[in-house]
Amino acid sequence: MEKSYISEVDGVLADSTKIQIEDDRTGMGIETLKRAFLDNLFYLQGIGKAEASLYDYYVAVAYTVRDRILQRFLKTVETYKSKQPKLVCYLSAEFLMGRHLGNNLINMGLYDKMRQVVEELGINFDELLEQEPDPGLGNGGLGRLAACFLDSLASLEIPTIGYGIRYEFGIFHQKIQDGWQVEVPDNWLRFGNPWELARPDETVEILLGGHTEIFHDERGYDKVVWIPERKIIAIPHDTPVPGYQTNTVNPLRLWKAEASQDFDFDAFNAGQYDRAVAEKMDAETISKVLYPNDNTPAGRELRLAQQYFFVSASLQDLIRYHLRANKSLDNFYDKVAIQLNDTHPAVAIAEFMRLLVDKYGYYWETAWKITQKTFAYTNHTLMPEALERWSVDLFGKLLPRHLEIIYEINHRFLEDVRTWFPGDDELLGRLSLIEEGERKQIRMAHLACVGSHAINGVAALHTDLLKKDTLKDFAKLWPEKFFNKTNGVTPRRWILLSNPKLSNLISEKIGDRWLKDLDEMRSIEKFIDDSEFCDRWREIKQDNKRSLAAYILKVKGLEVDINSLFDVQVKRIHEYKRQHLAVLHIISLYNRIKQNPSIDVLPRTFIFGGKAAPGYFMAKLIIKLVNAVGEVVNKDPDVRGRIKVVFLPNFSVSLGHRIYPAADLSEQVSTAGKEASGTGNMKFAMNGALTIGTLDGANIEIREEAGAENFFLFGLTAEQVYALKADGYNPKHYYENNADLKGVIDRIEGGYFSHGDRDLFKPIVDSLLYSDPYMLLADYQAYSDCQEKVSQTYRDTHKWTQMSILNAARMGKFSSDRTIREYCKEIWEVKPIAIDLNS
């Protein structure tokens, strides 16, 4: 493209007449990027370079990158509209995307160029990246999985749209005060968001409350009309998600709630100022906060309203898109595949039926066929108590028409079951969408199973247990519906972006094809006997540990030894994840040191991180216990720094970038049969951490891939857990017959870590001794013995390094690209479509 103009960059005038230059909005050259950055700083931020802050620089860089993304984004959307390929629609209440800038630079091939641009202008690039807020639009693995899937879908050129909620406040910001978790609002939008595009012209209307009425249509059939109590407007905000080394940029569409009428002027003039804005405040509450506390009736109603809000908006949007190119919805399932990410969006099945029957006039049977062929359901939990249920009363109050539809679905379904299994009333009760009892409840997982053509677990063991236990009756009815799709994570974010030195070493040795095909990583196995390669591998790990140690010193004021074993457990805090099992082991080591201060103990730094749900008392008490033990151990002169305990506050995607590459040992110690999959285990292993873990979730497959000899296994199997509980598990037996364990429990119970307060940790002690639902005491000795094996192995530096290399080399299966390919082939039946920027 030829331009004739005078440009000024850093005060230098340059006559560019007759010089071939790139478009400042789309060009990828260094000088073009520099011009675009300075223009965006001046014209969009409204500030000169001399007065700009680091945040101003970040925003200017973000807009510079977004311009180049938008060219591909608009071409992607145009291609989908013209070619009408089958579209994947991913419905999720969570999308934990992480910071966008670094990942987008990686995927667009601009990372090194933008670093050069910024640093040539005298700006610290790494500090600039830190200016971006980390959007907390998810609670943990569920939302992070959704984000990895969007990355892989775009990288594999799969036509996709993700749908969720644009929460004004994400998962809370966690602070630690006196060892306790304190929740602080996460106002990630306070300075705006340069990555999103508001689409106010594509709003949809959402109905809530009210009642239904029956009338006769022109054909003489009964029809139902929903008379709502209130109406809310859903406004879409699109975040472009670019693929790696492709032109595909798919949209993540997040919905913001607003009132249909922002301001009641009559109420204001009458002096009723609160009432004048009441509707606006009430509506905006729906997209205000991720997962409001549902311990109150108002909290439960708000959470259900959130779920319905975003699925209704998304379905209306999809139908609108479909009807622009198709005369009817008859072929909807040939053009759209909708994936339900757990039960949060399961109400979509009832909503789609409402739209088909009530709005578009389909007969029930035809509507149900379209619905079942459209939806697929991913289950993420084995614990029955975690399967979502809503009270019939609440559902009827908020979604009266949907309650009627669910009852009709249930009636027809149970009639079929009676035909297939006559006389089995117990089976009918177990399968029913309605759980009978004093307070009737709707089983959302059952609705998802009945209304979907495919049901999948997220690890081999998880899927097996779904079929044998949690959803066994549905597996008996429809074995052909069940699939396993073991989770995966994107290597672009979790190796290339978070561990650049390791990425460079791998690419230097085997090329960079592994970033698109992680199975290529197997090629580095041939270097495990190459001393120069092993030394560099180990040096990179030490550099990453040094960086994390500096962060720990900055955040916690605690010096840690980078030559110690970094023993890490970062994940959502929950009793079944058993963070407190590691705490028991720490106390055991501490007891040994107190008994013999000169004992030879392998130096370890125990690093914890994760958030507890605000209403989950026991999880918050575990955080307090970790910090209380750390307070004592870290200061005890007998320990002499051989053990350090660190709880890093506010674990997030960006903090994960620091932690995963620095870990030596990955703790994956959940009770067998409780963890669906886990994805942190994959991120650790990809970065060369060794795993200590149970045969739970994806641990089993990680061990199979890495090799049993490169995995530290301990603990009961899922079958043994069930058998021991069936035989009458007595945790106190283990306490009374294990002097080491007794010494650990007694030190907690005696108030040693609570300044003499014996009541503080009594709930934990009582739970362990008298119920121990997650069987810590049964697994304690095996865990302790396995940790001793870890210590012995770590002392052999060469052996540990070889095991580390093999773990990373053999994680190809756990790329989210592999997972998505399986979904595309076996569940969604969709194919890639290339985006041509020149067409």
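In this predicted model, helix α30, spanning residues 739–749, packs against helix α31, spanning residues 762–770, at an angle of about 150°, and their axes lie 9 Å apart. Angles over 145 degrees count as roughly antiparallel, and that makes α30 roughly antiparallel to α31. The crossing in which α30 passes α31 is left-handed. On the α30 side the contact is formed by I745, I748 and E749, which meet V765, L768 and L769 of α31. By class, five nonpolar residues and one charged residue take part in this contact of α30 with α31, with no polar residues.

A second helix pair is formed by α23 (residues 579–595) and α32 (residues 776–795). The axes of α23 and α32 come within 10 Å and cross at roughly 60°, and the two helices are therefore oblique to each other. Their crossing is right-handed. From α23, the residues H580, L581, A582, L584, H585, S588 and R592 take part, and they meet L776, L777, Y780, Y783, S784, Q787 and E788 in α32. The contact of α23 with α32 comprises seven nonpolar, five polar and two charged residues.

The third pair brings together helix α1 (residues 30–43) and α4, whose axes come within 9 Å and cross at roughly 60°. The helices α1 and α4 are therefore oblique to each other, and their crossing is right-handed. I30, L33 and K34 of α1 make the contact with K113, M114, Q116, V117 and E120 of α4. Sorted by class, the residues of the contact of α1 with α4 are four nonpolar, one polar and three charged.

Helix α4 also leads to the second largest pocket, since α4 (111–120) is among the helices that each supply at least two residues of its lining. The other helices that do so are α3 (100–108), α5 (125–129), α20 (491–497), α21 (500–510), α22 (531–556) and α25 (653–659). Of the contributing elements, α21 gives the most to the lining of this pocket, with five residues. The volume of the second largest pocket is about 1200 Å³. Its lining consists of 34 residues, and those lying nearest the centre of the pocket are Y111, D126, L497, S498 and P500. In terms of class, the lining of the second largest pocket has 12 nonpolar, 12 polar and 10 charged residues.

From this pocket the account turns to enclosed space. Rolling a probe the size of a water molecule over the atoms shows where empty space is left. The structure holds seven cavities of 30 Å³ or more, and the largest cavity has a volume of about 110 Å³. This largest cavity is lined by 13 residues, of which M97, N103, N104, V241 and R493 are the closest to its centre. Two or more residues of the lining of the largest cavity come from each of α3, α6 (141–155) and β11 (230–242). The lining of the largest cavity divides into five nonpolar, five polar and three charged residues. Helix α3 thus recurs in the description: α3 gives two or more residues to the lining of the largest cavity and supplies at least two residues to the lining of the second largest pocket.

Methods:
Residues numbered from 1 in each chain as written. Predicted model: local features only at pLDDT ≥ 70, side-chain atom pairs only at ≥ 80, totals over all residues. Heavy atoms only, no water. Axes fitted to C-alpha atoms, helices over the stretch in contact; angles between N-to-C directions. Helix = DSSP H or I, 4+ residues; strand = E, 2+ residues; numbered from the N terminus. Parallel < 35°, antiparallel > 145°, perpendicular 65-115°, else oblique. Left-handed = near helix turned anticlockwise from the far one by under 90°. Contact = heavy atoms within 4.5 Å. Nonpolar A, V, L, I, M, F, W, Y, C, P; charged D, E, K, R; others polar. 1 Å grid on protein atoms, 1.4 Å probe; cavity = no way out; pocket = protein on both sides within 12 Å on 5 of 7 lines; lining within 4 Å. Points joined across faces, edges and corners; volume = space filled by probe spheres on them.
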